[in-house]
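Welcome, and thanks for taking a look at this one. Below is a short briefing on pockets, side-chain contacts and backbone details, meant to be read with the viewer open.

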Amino acid sequence: MAARILLLVLLSFTTTLIHAYDPSPLQDICVADLKSPVFVNGRVCKDPKLAKADDFFFEGLDKPGNTSNNVGSKVTPVFVDQIAGLNTLGISLARIDFAPYGENPPHTHPRATEILTVIEGRLYVGFVLSNQNNNSLITKVLNKGDVFVFPIGLIHFQANIGHTPAVAIAALNSQNPGVITIANSIFGSNPPISDKILAKAFQLDNKVIDYLQAQFWVDP
Ligand SMILES: *[C@@H]1O[C@H](CO)[C@@H](O)[C@H](O)[C@H]1NC(C)=O
Ligand SMILES: *[C@@H]1O[C@H](CO)[C@@H](O)[C@H](O)[C@H]1NC(C)=O
């Protein structure tokens, strides 16, 4: 028994050691050269001598995003494409605006865990564990000042349950977390996934799938 516990402890150490997400930087700064045609894991660095304060700067996160769309939310990203100096640093953030009763629909970030804080309003949020964990749904109502975590890769959502706008700030442990909005990926792929495939997967009639595929899937 003691040997088994020791083995588990050792295993947990080795796994935590291997699991970092974005790779660690090998230099002080690696400001992304966003114009480089070279494909690498991340972005090519520009000469550190050419780095300037604006490479590490973004302004305007005080401005609300335009939530006039079908889902009633808008994400303003501050990722490596917005701050070139984030390249190789494994961190980023976003502002999320919600119209009254608007939602940030079910989606996943393939490369990041998200930690979100509510700045204004009241949100109902949740994420779903994987098949292996019974697809358990974990939800919470968040008020101003509350913080909630969405573990990497898991499908999650946030919805404004108040009749006034809501605002949240989310931090993510990747310079480029990626977003897969479930409905968009499934019903809005280019070209469309065969309706026969989706009809069987969702246990729906082909016509319902055709209807869903004809909708405009907004990327909030
Ligand atoms: C917000 O977006 C809608 C729909 O695209 C557009 O009609 C409207 O002018 C935008 N409002 C602002 C303030 O930009
Ligand atoms: C899985 O979820 C169902 C439906 O909520 C529940 O009845 C069942 O007890 C859960 N099983 C486990 C092993 O958690």
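## Briefing

Lys46 and Asp55 meet through their side chains in a salt bridge, with N and O 3.1 Å apart. Please keep in mind as you read on that this is a predicted model. UniProt, in an unreviewed entry, annotates residues 59-210 as "domain: Cupin type-1". The same kind of record also gives a "binding site" feature, discussed under the pockets below.

**Salt bridges**

- Let us stay with the opening pair for a moment: Asp55 counts as buried because its relative accessibility is 7%, under the 20% cut-off.
- Lys46 and Asp55 also belong to a network of salt bridges, in which Lys52 takes part as well.
- How many salt bridges does a search of the whole structure find? The search finds seven.
- Another of these joins Arg43 to Asp81, and here the closest N and O atoms are 2.5 Å apart. This pair links distant parts of the chain, 38 residues apart: Arg43 sits in the loop between helix H1 (2-18) and S1, while Asp81 sits in the loop between S1 and S2.
- Are the two partners buried, exposed or partly exposed? Arg43 has a relative accessible area of 30%, so it is partly exposed, and Asp81, at 47% relative accessibility, also counts as partly exposed.
- Asp62 and Lys63 form a salt bridge too, at 3.8 Å from N to O, and both residues are exposed.

**The largest pocket**

- The volume of the largest pocket is about 360 Å³. Its lining has 19 residues, and the closest to the pocket centre are Pro23, Asn41, Gly42, Thr88 and Gln175.
- Sorted by class, the lining of the largest pocket holds nine polar, seven nonpolar and three charged residues.

**The second largest pocket and the annotated site**

- The second largest pocket encloses about 210 Å³ of space. Among its 15 lining residues, Val75, Phe79, His109, Val179 and Pro220 lie nearest the centre.
- Which elements give two or more residues to the lining of the second largest pocket? They are strand S1 (73-78), strand S2 (92-98), strand S3 (103-108) and strand S9 (166-172).
- By class, the lining of the second largest pocket comprises nine nonpolar, four polar and two charged residues.
- The unreviewed UniProt entry places its "binding site" feature at Asn104, His109 and Glu114. The lining of the second largest pocket includes Asn104, His109 and Glu114, so if you want to look at the annotated site, that pocket's lining contains these residues.
- Asn104 lies in strand S3 and counts as buried, because its relative accessibility is 5%.

**The annotated domain span**

- Residues 59-210 are 12% helix and 39% strand, and the C-alpha atoms at the two ends of the span lie 42 Å apart.

**Aromatic pairs**

- Five aromatic pairs turn up in a search of the whole structure.
- In the pair of Tyr124 and Phe157, the ring centres are 5.7 Å apart and the planes stand at 45°, so the pair is tilted. Tyr124 belongs to strand S5 (residues 122-128) and Phe157 to strand S8 (residues 155-160), so the pair ties together parts that are 33 residues apart in sequence.
- Tyr124 is partly exposed, with a relative accessible area of 29%, whereas Phe157, at 17% relative accessibility, counts as buried.
- Phe127, Phe148 and Phe150 are linked into a cluster by ring pairs.

**Backbone details**

- Where is the cis peptide bond? It joins Asn190 and Pro191, with omega about -10°, and Pro191 is in the loop between helix H2 (182-187) and helix H3 (195-202).
- Tyr101 is not a glycine, yet its phi is positive, at about 65°. This residue is in the loop between S2 and S3 and is exposed, with a relative accessible area of 56%.
- Gln203, again a residue other than glycine, has a positive phi near 55°. Gln203 is placed in the loop between H3 and helix H4 (206-213), and it is exposed, with a relative accessible area of 67%.

Key
Residues are numbered from 1 along each chain as its sequence is written. Chains are lettered from A and ligands numbered from 1 in the order in which they are written. This is a predicted model: local features need pLDDT of at least 70, side-chain atom pairs count only at pLDDT 80 or more; totals for chains, interfaces and linings use all residues. Side-chain values use heavy atoms; hydrogens and water are left out. On a 1 Å grid over the protein atoms alone, a cavity is a set of points where a 1.4 Å probe fits but cannot get out, and a pocket is an open set with protein on both sides within 12 Å along at least five of seven lines; lining residues have an atom within 4 Å of a point. Grid points are joined across faces, edges and corners, and a volume is the space filled by probe spheres set on the points. Ala, Val, Leu, Ile, Met, Phe, Trp, Tyr, Cys and Pro count as nonpolar, Asp, Glu, Lys and Arg as charged, and the others, Gly among them, as polar. Helices (H or I, at least four residues) and strands (E, at least two) are DSSP runs, numbered from the N terminus. UniProt positions are given in the numbering used here, feature names are shortened, and annotations may be inferred rather than shown by experiment. A salt bridge is a side-chain nitrogen of Lys or Arg within 4 Å of a carboxyl oxygen of Asp or Glu. Buried means under 20% relative accessible area, exposed over 50%, partly exposed in between (1.4 Å probe, protein chains only). Rings of Phe, Tyr and Trp (its six-membered ring) pair if their centres lie within 6.5 Å; planes under 30 degrees apart count as stacked, over 60 as edge-to-face and the rest as tilted.
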